[in-house]
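Subject: Structure for you to look at

Dear colleague,

I am passing on the structure we spoke about, and below it you will find my notes. Please read them with the model open beside you.

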Amino acid sequence: MTNKDSRVAYFCMEYGLDTSMKTYAGGLGILAGDYLKGAKDHDYPMVGIGIKWKQGYTDQRIDEHGKPYDSYHNYEYDFLEDTGVTVDVTIRKQNITCKVWKVEQFGNVPLYLLDTDVPGNPEAWITGQLYGWFGEERIAQEMVLGIAGVRALRKLGHDIDVYHFNEGHALFAGFELMREKMEEGADFYEAWKQTRDETVFTTHTPIVEGNESHPIEKLLYMGAANGLTVEQLVEIGGAPFNMTVGALRLSRMSNAVAELHGETANKMWAHVIIVQKLFQLRTVFTVQHGSMNKC
């Protein structure tokens, strides 16, 4: 966030606010939860966007033979506030309705959680398990977080200055921001630059292989391209489409989670180049107080 007056929307796949709320898996979620609590403590105008996971992340058990196994439970949270808001997103050419819940009683700024477990939905289990699937289902979950997340902000009436993507899972929010601008008359490069001016990104995974990528054809089939062409997708994230590369190119500023991680990230992504036609510069990273900044 740029200053205390900037209205920030923070996108993350998981949030660790309290042990009673099974919407997190580990460090990424704990950090995201702390961000929301810190924003509340310091009175920052910020809201969170996430997913209401029906079964959350796995609970690992040990059987009578000493072997670990995963177990899942359906969770109900009576402390969630029904906002009365729903938004739609098209996934695999099907209309998916996302219900919007709100939680803010754990010392956090408002967190809005998207939920596809809605009667009549053709794919109610998209928001079933946190990191429970890969491939198509992961893309579907990220479309809910990003595309439906931006639409929820609009319908809830939030006027946002800065969109913070916590890890590449939130990248499709950038596609939705670009779609809005292109529908208003901006061309692809103008929409890209305007979206980049209002977006920041935090990267977490310190090995290239752990950063998510998808075949371009799969993004088109799922509807994740959100109106972008094959050529435009390749310019943003390469082929196969790398979610971290796309997030770096769609953000005006990026940071890591520690000084050493910033050094590692600089080496990992030193080859990422902002499109010359748009910005006339090469992506350069410098480590400053644990951050990875593009300049």
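Once neighbours within four places in sequence are set aside, R138 is in contact with M13, Y131, W133, H169 and E212. This is a predicted model, so please read each of the contacts described here as a property of the prediction. R138 itself sits in helix α2, which covers residues 136–156, and with a relative accessibility of 10% it counts as buried, since the cut-off for that class is under 20%.

H169, one of the contacts of R138, is placed in the loop between β8 and α3. Its relative accessible area is also given as 10%, and H169 is buried. Apart from residues up to four places away in sequence, H169 touches M13, L28, Y131, R138, E142, L145, E212 and M243, and M13, Y131 and E212 also appear among the contacts of R138. For a sense of scale, the C-alpha atoms of H169 and L17 are 19 Å apart, with their positions 152 residues apart in sequence.

Two residues of this part of the model have backbone angles that you may wish to inspect. Y131, which is in the contact lists of R138 and of H169, has a positive phi of about 55° although it is not a glycine, and Y131 belongs to the loop between β7 (111–115) and α2. E167 likewise is not a glycine and has a positive phi, here of about 80°; E167 lies in the loop between β8 (162–166) and α3 (172–183), and at 8% relative accessibility E167 counts as buried.

A further backbone feature is the peptide bond from A239 to P240, which is cis, with omega near 0°. P240 falls in the loop between α6 (230–237) and β11 (241–242). Further along the chain comes helix α7 (residues 243–249), where R249 has its place; the relative accessible area of R249 is 13%, and R249 is buried. Between the C-alpha atoms of R249 and T229, which are 20 residues apart along the chain, the separation is 17 Å.

Helix α4 (residues 188–197) deserves a paragraph of its own, and A191 is one of its residues. With a relative accessible area of 0%, A191 is buried, and beyond its neighbours within four places in sequence it is in contact with M178, K181, M182 and A186. The C-alpha atom of A191 is 9.6 Å from that of F175, the two residues being 16 positions apart along the chain. T195 is found in helix α4 as well and counts as buried at 0% relative accessibility; its contacts, with neighbours within four places again left aside, are G174, L177, M178, K181 and L250. M178 and K181 are thus contacts of A191 and also of T195.

Turning to the chain as a whole, there are nine helices and 14 strands. The radius of gyration is 19 Å, close to the 19 Å that the globule rule gives for 295 residues, so the chain is as compact as a globular protein of that length. Along the principal axes, the C-alpha atoms fill a box of roughly 60 × 45 × 40 Å. Of the 295 residues, 55% count as buried, and of the contacts with a separation of 6 or more, 67% are made by residues 24 or more positions apart.

As for the surface, the chain exposes about 12800 Å², and carbon and sulfur atoms supply 50% of that area. The chain carries 28 positive and 40 negative side chains, with the centres of the two sets 3 Å apart.

Finally, a word on confidence: the mean pLDDT of the chain is 90, and 91% of its residues reach 70 or more. Over residues 276–295, however, pLDDT stays under 50, and the model has 65 contacts beyond four places in sequence for that stretch.

With kind regards

Note on methods: Residues numbered from 1 in each chain as written. Heavy atoms only, no water. Helix = DSSP H or I, 4+ residues; strand = E, 2+ residues; numbered from the N terminus. Rg over C-alpha atoms; globule rule 2.2 N^0.38 Å. Buried < 20%, exposed > 50% of the residue type's maximum accessible area, 1.4 Å probe, protein only. Contact = heavy atoms within 4.5 Å. Areas by Shrake-Rupley, 256 points an atom, 1.4 Å probe, with all protein chains shown as cover. Lys, Arg positive; Asp, Glu negative; His and termini not counted. Charge placed at Lys NZ, Arg CZ, Asp CG, Glu CD. pLDDT = per-residue confidence, 0-100.
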